[in-house]
Amino acid sequence: MIVGVVVALSSSQIGLFLILRRMSLIGDGLSHISLGGLALGVFLGIYPLYLVFPVVIVSSLAILSLNKNSRMYFDASLGIVSVAGISVALVLNSVASGFTIDLFSFLFGNILLISDAEVGLAIVLANFILAIVFYFYWDFFSLTFDENFARSRGVRADLLNYLFMVLVSLNVIISIRIVGVLLVSALIIIPAVTSLQVAKSFRNAQWISGLIAFLSVVFGLFLSFFLNFPAGATIVLFSIFVFLLVFAFKKASFNF
């Protein structure tokens, strides 16, 4: 419960910046890239999560570099690197003669099987992400809404963009054990999108997004326990349910 709430809170804050920067698919892309690191770890007999960190972080920086130093759009560079990650995972999986139980658990996530070491690591990294986001809050805010203006005001845009990509990578990695590779982007996107439906300001959206992420983890875990559903999928489904409620309420209010 603790690790789920902390990671959900960091995801909700990262997600707001990603959506407003039109980079919401980065979570999905990096989660696909993580498959390559997971498969490599299983193939080499090393705990998969150890290799995911360097693979995902280096890949995220490569995506940003491709976008910055070539004429490709961000989604194109993301697609190239993420497809490379999936291809590596499939090749290694073929050589290793099929998915193992460890890799399968990472694909779909299982928050109930997180070890004490993983709990500690996730809490430390989630708090680190939140601390960096709030320390550089106004810089990230400026870069999100007008990067040229931010540069003119002396903001170190390139350095902070790379730092932000590292934060996104870390958030994706610590989310894998909660909801799995296949659902990790949902934890980043859905609370943030829901908050933007009703928020009156960016700061307001941060509070609402955090609250929705918190409620999704708490109620998702309780429902998964009583209904015997997969925990990660139930968390995501509850967050989608909240989104639909908010969307319907907004639509009804607008029509009225």
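Start by selecting Val-3, Leu-49, Phe-53, Ile-114, Glu-118, Leu-121, Ala-122, Ile-173, Ile-174, Arg-177 and Ile-178: together they line the largest cavity. Keep in mind as you go that you're looking at a predicted model. Colour by element and you'll find that α3, α6 (116-135) and α9 each give two or more residues to the lining of this cavity. The top contributor is α9, with four residues. Colour by class instead, and the lining comes out as nine nonpolar, no polar and two charged residues. The space inside has a volume of about 90 Å³, and a search of the whole structure turns up three cavities of 30 Å³ or more.

**Next stop: the largest pocket**

Now move to the largest pocket, with a volume of about 420 Å³. Its lining has 18 residues, and the ones to select are those closest to the centre: Arg-21, Met-23, Asn-67, Glu-147 and Asn-161. Show α3 (48-69), α7 (137-145), α8 (147-152) and α9 (157-179) as well, since these are the elements giving two or more residues to the pocket lining. Here too α9 gives the most, this time five residues. By class, the pocket lining splits into nine nonpolar, three polar and six charged residues.

**Into the core**

Hide the surface and pick Val-7, Ile-14, Leu-18, Ile-26, Leu-30, Phe-140 and Val-168. These have the most contacts inside the largest nonpolar core, which has 64 residues. Once more, α9 gives the most, with 12 residues in this core.

Stay on Phe-140 for a moment. Setting aside neighbours within four places in sequence, Phe-140 is in contact with Phe-17, Ile-132, Val-133, Leu-160, Leu-163, Phe-164 and Leu-167.

**Last stop: the rings**

Switch on the aromatic side chains; there are 17 aromatic pairs to look through. Try Phe-17 and Phe-140: the ring centres are 6.1 Å apart and the planes sit at 65°, so this pair is edge-to-face. Phe-17 is in helix α1 (residues 2-20) and Phe-140 in helix α7, 123 residues apart. Both Phe-17 and Phe-140 are buried.

Then swing over to Phe-141 and Phe-202, whose ring centres are 5.4 Å apart with planes at 75°, so they are edge-to-face. This pair ties helix α7 to helix α11 (residues 202-227), across 61 residues of sequence. Phe-202 is buried at 10% relative accessibility, while Phe-141 is partly exposed, with a relative accessible area of 24%.

To finish, select Phe-17, Tyr-135, Phe-136, Tyr-137, Trp-138, Phe-140, Phe-141, Phe-145, Phe-164 and Phe-202: ring pairs link them into a cluster.

Note on methods: Residues are numbered from 1 along each chain as its sequence is written. This is a predicted model: local features need pLDDT of at least 70, side-chain atom pairs count only at pLDDT 80 or more; totals for chains, interfaces and linings use all residues. Side-chain values use heavy atoms; hydrogens and water are left out. On a 1 Å grid over the protein atoms alone, a cavity is a set of points where a 1.4 Å probe fits but cannot get out, and a pocket is an open set with protein on both sides within 12 Å along at least five of seven lines; lining residues have an atom within 4 Å of a point. Grid points are joined across faces, edges and corners, and a volume is the space filled by probe spheres set on the points. Ala, Val, Leu, Ile, Met, Phe, Trp, Tyr, Cys and Pro count as nonpolar, Asp, Glu, Lys and Arg as charged, and the others, Gly among them, as polar. A nonpolar core is a set of buried Ala, Val, Leu, Ile, Met, Phe, Trp, Tyr and Cys residues joined through side-chain atoms within 4.5 Å. Buried means under 20% relative accessible area, exposed over 50%, partly exposed in between (1.4 Å probe, protein chains only). Contact means heavy atoms within 4.5 Å. Rings of Phe, Tyr and Trp (its six-membered ring) pair if their centres lie within 6.5 Å; planes under 30 degrees apart count as stacked, over 60 as edge-to-face and the rest as tilted.
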